[in-house]
Amino acid sequence: MNRNYTLFFLLLFAATNVQFSNFHSTKPSRLNSNSIKQQWIDDFTWVQYGNMPLVISVPHGGTIAPDSIATRSCPGITTVTDSYTIELAKAIDSVFMADYGMHPSLVITHLKRSKLDQNRPLPEANCNNEQMVAIWNRFHQSIDTALQMALQKSPQCLYIDLHGHGHANQRLELGYLLTDDELRNPATIIPSKTSIASLIASTKNTAEDLLTGKNAFGSIIASKGFAAIPSIQDKAPLANELYFDGGYNTKRYTSTSTYPNVFGWQIESNKDVRFTAAKRSAFAKALAAAIMEYYKMNTPLLF
Ligand SMILES: [Zn+2]
């Protein structure tokens, strides 16, 4: 542990007692930014405003499905729940606090995807159910607020949209808004169209370094025993393999026109990292460590 890091940790630890105080009183210094606020902002949406440049949203983990809300039924929709992703986000938060003395921001919907899809634009998200518009808006306004709060204290912010996939291949699918075909043909990749465009523009590391090189998040977490694609170990899906490349939230919150200092990716987690508390805890520990290494290798954040 280097000296700066030790000082940072001690200051964070010393300030932990002021948790849950009103975030509006937080001073605009990173080292004094330990107040965090958790709240239900409506019957279904739970938000934690943290104290580090990391915002995690969980759009598909909800299990509440009131009969009073019409079940979505418009054409072409998906209503599958990403089981245990809320629990996984909470495990990640616990590890960040225990190991690094910090909390990420979390934006979680507990409403079941069959009632509202918080990773789709209106009207697909609500299938034209006007009753759901305010809830859809509050979820997204909370992500925006969390990003803006982080950016008041840090020059950049990492955004992760956390999901779970049911594909047989037990690996994390990292979505950077690049298709499987683009990943198989890296010469076709346009860095400015990826979800890490702002990071690529601000570092000497290339898109290739950050997608499939040693600096890539996938490479770092795979080296800790959690297979991921794309990574240096597994650069692109085969033509017959299923792969999620990133959805509405990833595109919206990493857009350089709206959020020029936000970069991130979608994480589609496999069943093997989320279906028991022990597996979630082990994965969360590796994920937090990988994010800290990623910050250190690729950004000026936190170090
Ligand atoms: Zn999902």
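**Entry 1: strand β2 and its partners**

I began with T45, and in this predicted model I found it standing opposite T109 in β4. That pair belongs to a stretch where 4 bridges join β2 to strand β4 (residues 105-109), the two running antiparallel. I then turned to the other partner of β2, which is strand β1 (residues 37-40), joined to β2 by 4 bridges and also antiparallel. Here K37 stands opposite Y49, and I noted that β1 and β2 make a hairpin with 4 residues between them.

Is β2 buried or exposed? I looked up each of its residues and found that 5 of the 5 (residues 45-49) are buried, so the strand is largely enclosed by the rest of the structure. I sorted them by face, keeping in mind that side chains in a regular strand alternate between the two faces of the sheet. T45, V47 and Y49 lie on one side and W46 and Q48 on the other, and both faces are covered.

**Entry 2: the whole sheet**

I next traced the strand order, which reads β1-β2-β4-β3-β5-β8-β6-β7 in an open sheet of 8 strands with mixed pairing. β1 and β7 stand at the edges with a single partner strand each, so one side of each has no neighbour in the sheet. Further in, β3 and β5 pair in the parallel sense over 4 bridges, and I noted L54 with its bridge partner L158 in β5.

I gave β6 (residues 172-175) a closer look, and found both of its faces covered, with L172 and L174 buried on one side and E173 and G175 buried on the other. Which residues are the bridge partners of E173? In β7 the partner is I229, while in β8 it is E268. The pairing of β6 with β7 (residues 228-229) is parallel and rests on 2 bridges, whereas its pairing with β8 is antiparallel and has 3 bridges.

**Entry 3: two helices, α2 and α9**

I checked the length of α2 (residues 85-100), whose 16 residues reach 22 Å from first C-alpha to last, close to the 22 Å expected at 1.5 Å a residue. Its buried residues include I86, A89, I92 and F96, and I recalled that residues three or four places apart in an α-helix point the same way, because there are 3.6 residues a turn. The buried residues of α2 pack against β3 (54-58), β4, β5 (157-164), β8 (262-269) and α9 (277-298). Just after the helix, I saw that G101 takes a positive phi of about 70°.

For α9 I made a similar check: its 22 residues should span 32 Å at 1.5 Å a residue, and the end C-alpha atoms are 31 Å apart, which agrees. Among its buried residues are F283, L287, A290, I291 and Y294. The buried residues of α9 pack against β3, α2, α5 (197-202), α6 (207-212) and α7 (217-222).

**Entry 4: the core**

I then looked up the largest nonpolar core and found 76 residues in it, with V55, I56, A89, I92, L147 and I221 having the most contacts inside. I followed I221, which touches L172, F226, A228, A286, L287 and A290, leaving aside residues up to four places away in sequence. Over the chain, 47% of the 303 residues count as buried. Among contacts between residues at least 6 apart in sequence, 67% join residues at least 24 apart.

**Entry 5: loops and backbone details**

My last look was at the loops, where S223 lies between α7 and β7. S223 is partly exposed, with 16 other C-beta atoms within 10 Å, and its C-alpha atom is separated by 9.2 Å from that of A290, 67 residues apart along the chain.

Where are the cis peptide bonds that I noted? One runs from L122 to P123, with P123 in the loop between β4 and α3 (133-153); another runs from I229 to P230, with P230 in the loop between β7 and α8 (248-253).

I also recorded C127, which has a positive phi of about 50° although it is not a glycine, and which is found in the loop between β4 and α3. L177, in the loop between β6 and α4 (180-184), likewise has a positive phi, near 70°. With 19 C-beta neighbours inside 10 Å, L177 counts as partly exposed, because a buried residue needs 20 or more.

Technical notes. Residues are numbered from 1 along each chain as its sequence is written. This is a predicted model: local features need pLDDT of at least 70, side-chain atom pairs count only at pLDDT 80 or more; totals for chains, interfaces and linings use all residues. A residue is buried if 20 or more other C-beta atoms lie within 10 Å of its own, exposed if 12 or fewer, and partly exposed in between; C-beta atoms are placed from the backbone. Two residues are in contact if their C-beta atoms, placed from the backbone, lie within 7 Å. Two strands pair if DSSP finds at least two bridges between them. The expected span of a helix is 1.5 Å times one less than its number of residues. A nonpolar core is a set of buried Ala, Val, Leu, Ile, Met, Phe, Trp, Tyr and Cys residues joined through C-beta atoms within 7 Å.
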